Amino acid sequence: MAKHEKISSEGAYTKRFYYPQENAVEKPFNWSQMARLLNYLKPYTKTLVPAAVVAMLVNMIVRLSVPIIIGQYVVDTAIANRDISLLTYLIIGISVLYLANFIANRFRIRTVNVLGQRTIHDLRKELFSHVQRLSHNFFDNRSAGSILVRILNDVNSLQELFTNGIINLLMDIIMLVGIIVILFALSPQLALAVLVILPIMFYISTKLRRNIRHSWQDVRIQKSRLNSHLNESIQGVRITQSFVQEEENTQYFKGVNGSNFEKERLAMKKSAYFGPFVEMSNAIGTVILIAYGSHLIINGAFAIGTFVSFAFYLGMFWEPISRLGQIYNQLLVAMASSERIFEFLDEQPNVEEKKNAKTFNDMQGHIAFDHVKFSYDDERVALHEISIDIKPGSTVALVGHTGSGKSTIANLISRFYDPTEGKVKIDGYDLRDMKVQNLRSNISVVLQDTFIFSGSIMDNIRFGRPEANDEEVIESAKIVGAHEFILRLADGYDTEVEERGNILSAGERQLLSFARALLADPKILILDEATASIDTEAEMKIQEALRKLLNGRTAIMIAHRLSTIREADNIIVLENGRILEQGNHDELIEQEGEYYSLVKSQFEMLDEL
Ligand SMILES: Nc1ncnc2c1ncn2[C@@H]1O[C@H](COP(=O)(O)OP(=O)(O)OP(=O)(O)O)[C@@H](O)[C@H]1O
């Protein structure tokens, strides 16, 4: 496809920019889901919920009683009989009622706001701590962005429901039923005449609402596309610049941004019909009231006061009707959001801990794979029948082409996954019988792409053992040789690094991660060696740091550099999930097998340089 075609119109999204829309904006109403949502109000059923309900009832009583007082007592009694003192009492009485209403209203709004925020806070906390405990395969199948959206947006979209939605729903239903009952009690025939337009209005408003709702759905989809693109563009800005793709990106952004604008304009235009429509219904009702009501008054079938009360109630009638439509929309959106949230909450870690799981008292670090077979997805096999024995304190280098299963072996030792067949044992215990956290606290993993969290250098090293004091942190940095470069930073150990540690070089990040691992003082160390070329001096530093780090621990190294591999006690050469050969450097060289040719090709490469 030609370049200009790809970006010429907003509909022509390139494949590269395809963002799947897994997330429906709304779902049909579902009682059991609603009940589960309401469960989040449970901790507050003795405090905030009854307080809000009482305040709401005060509000309802005042609003429903004032028109009667005005019609029956002010107009038909006090004014009709020119009873000034009764009129004064009534005015004072109504003022007191309004004051009580004002206080109750303020109290209710404050209470439901707190209630909404608390429930959302609880829900978000539960969701985050649950997601954090989920197994690796949960994260394998989802993008970080989509998880983020659930924890932020989906939870947010429930906030309005918990804050105002539920209480407004109750209020509006009580209000509507109350008004209809009163209208019929006052005059059934006038009530019928005035409310005759109700079914028509209901029909039209439902149609209009649905139409408006769908337009807003389009807006949300556009927004989510916009967000995804923004997220990806900013994260990948360095690559974009180096491949000179800024213009293409901007064009695409223009397209989505323009489309977002169009959809929003349309949705707003449609929404703008709703207010006037409600007003028109009100007007029709009022016209019928005036025409038929005055007819009844003239015929003596109706008191003027009743007419006045009627007018008041009719004025109050349309507001809850129009708001109920809004709440209904809110409910549908909440259904979709809560379904997604509950889907995460119902997800169980597939690495389960047995009830009677044991702890390692003093782990020695003897690792054994006993006929281990493993597949990530039950289709492709990543490891076939692997049996290995790693002596405590020894260093094993895993060598092999990309995709040969090196990281998979490391993942099984940390029990991020369970083997499909066979057993992984440490000190003779099957990992499935052990406590997961206890196992992992004895293992440190140093990945190729060291993750630096935002915070100070000190905090980042301390991540290995949060209870360590400053001296211990500095000591471990000194041992791995990170101390000098840290001191050269603007604020030394207090230098703030942003997420991912952009201000540090690859080698420096690696040294930090060594310090972190050393501080954790694990029995087993898993190291994914960086492939990035580092200059010789840095390389020597890292080798030196590594020696100190490995001392007295069982180490599994996913090794790329010959210098590291050569020093290992045992080298395991993998190919397509199978062990091809193993032994130490000299033994393998002697065999003249795969390892030999690998080393030879590295030397040939060096010779060419
Ligand atoms: N999360 C995953 N889901 C599905 N398949 C996976 C997953 N991770 C790895 N694989 C597959 O399992 C096989 C072994 O992958 P593994 O990551 O262990 O290789 P590796 O030797 O560490 O490779 P590299 O040197 O490139 O890191 C590969 O075929 C890979 O495609």
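Colleague: What makes residues 86–104 a helical span?

Modeller: In this predicted model, the chain over residues 86–104 is 100% helix and 0% strand. The end C-alpha atoms of that stretch are 27 Å apart. The UniProt annotation "transmembrane region", from an unreviewed entry, covers residues 86–104 and also includes residues 166–184 among its ranges. Residues 166–184 are likewise 100% helix and 0% strand, with end C-alpha atoms 27 Å apart.

Colleague: How is the chain divided into domains?

Modeller: The assignment gives domain 1 (28–186), domain 2 (188–301) and domain 3 (367–608). Taken over C-alpha atoms, the centres of domain 2 and domain 3 are separated by 56 Å.

Colleague: Why is Lys-358 called exposed?

Modeller: A residue counts as exposed if 12 or fewer other C-beta atoms lie within 10 Å of its own. Lys-358 has 12 C-beta neighbours inside 10 Å, and therefore counts as exposed. Lys-358 is placed in the loop between helix H11 (304–346) and S1.

Colleague: Which residues does Lys-358 touch, leaving aside those up to four places away in sequence?

Modeller: Lys-358 touches Tyr-429, Asp-433, Met-434 and Lys-435. Tyr-429 is 71 residues from Lys-358 along the chain, and their C-alpha atoms are separated by 9.2 Å.

Colleague: How do you know that strand S1 and strand S4 are paired?

Modeller: Pairing requires at least two bridges between the strands. Strand S1 (residues 367–374) and strand S4 (residues 421–426) are joined by five bridges, so they pair, and they run antiparallel. One of the partnerships links Asp-370 with Lys-423 in S4.

Colleague: What is the order of the strands in the open sheet, and which strands are at the edges?

Modeller: The open sheet of four strands follows the order S2-S1-S4-S5, with antiparallel pairing. Strand S2 (383–390) and strand S5 (429–430) are the edge strands, as each pairs on one side only. Helix H12 (residues 406–413) lies across S1, S2 and S4, and runs at about 115 degrees to S1.

Colleague: What makes the phi of Asp-378 worth mentioning?

Modeller: Most residues other than glycine have a negative phi. Asp-378 is not a glycine, and yet has a positive phi of about 60 degrees. Asp-378 lies in the loop between S1 and S2. With 7 C-beta neighbours inside 10 Å, Asp-378 counts as exposed, because the limit is 12 or fewer.

Colleague: Why is Asp-427 called partly exposed?

Modeller: Asp-427 has 17 other C-beta atoms within 10 Å. Exposed would require 12 or fewer and buried 20 or more, so Asp-427 falls in between and is partly exposed. Asp-427 is found in the loop between S4 and S5, and has a positive phi of about 50 degrees although it is not a glycine.

Colleague: Why is strand S3 described as largely enclosed by the rest of the structure?

Modeller: Six of the six residues of strand S3 (residues 395–400) are buried, so the strand is largely enclosed. Thr-395, Ala-397 and Val-399 point one way from S3, while Val-396, Leu-398 and Gly-400 point the other way, and all are buried. In a regular strand the side chains alternate between the two faces of the sheet.

Colleague: How do you know that S3 pairs with S10 and with S11?

Modeller: The requirement is at least two bridges. S3 is joined to strand S10 (residues 554–558) by four bridges, and the two run parallel; Val-396 has Ile-556 in S10 as its bridge partner. S3 is joined to S11 by five bridges, also running parallel, and Ala-397 stands opposite Ile-571 in S11.

Colleague: What makes S11 and S12 a hairpin?

Modeller: Strand S11 (residues 570–575) and strand S12 (residues 578–583) pair in the antiparallel sense over five bridges, with two residues between them. Leu-574 has Ile-579 in S12 as its bridge partner. Asn-576, in the turn, has a positive phi of about 45 degrees.

Colleague: Which residues have the most contacts inside the largest nonpolar core?

Modeller: They are Leu-398, Ile-413, Ala-515 and Met-557, in a core of 65 residues. Helix H17 (residues 506–520) supplies the largest share of this core, eight residues. A second, separate core has 34 residues, including Val-112, Phe-302, Phe-317 and Ile-327. Beyond residues up to four places away in sequence, the contacts of Met-557 include Val-396, Ala-397 and Leu-398.

Conventions. Residues are numbered from 1 along each chain as its sequence is written. This is a predicted model: local features need pLDDT of at least 70, side-chain atom pairs count only at pLDDT 80 or more; totals for chains, interfaces and linings use all residues. Two residues are in contact if their C-beta atoms, placed from the backbone, lie within 7 Å. Axes are lines fitted to C-alpha atoms, for helices over the stretch in contact, and angles run from 0 to 180 degrees between N-to-C directions. Domain bounds come from an automatic or database domain assignment. A nonpolar core is a set of buried Ala, Val, Leu, Ile, Met, Phe, Trp, Tyr and Cys residues joined through C-beta atoms within 7 Å. UniProt positions are given in the numbering used here, feature names are shortened, and annotations may be inferred rather than shown by experiment.
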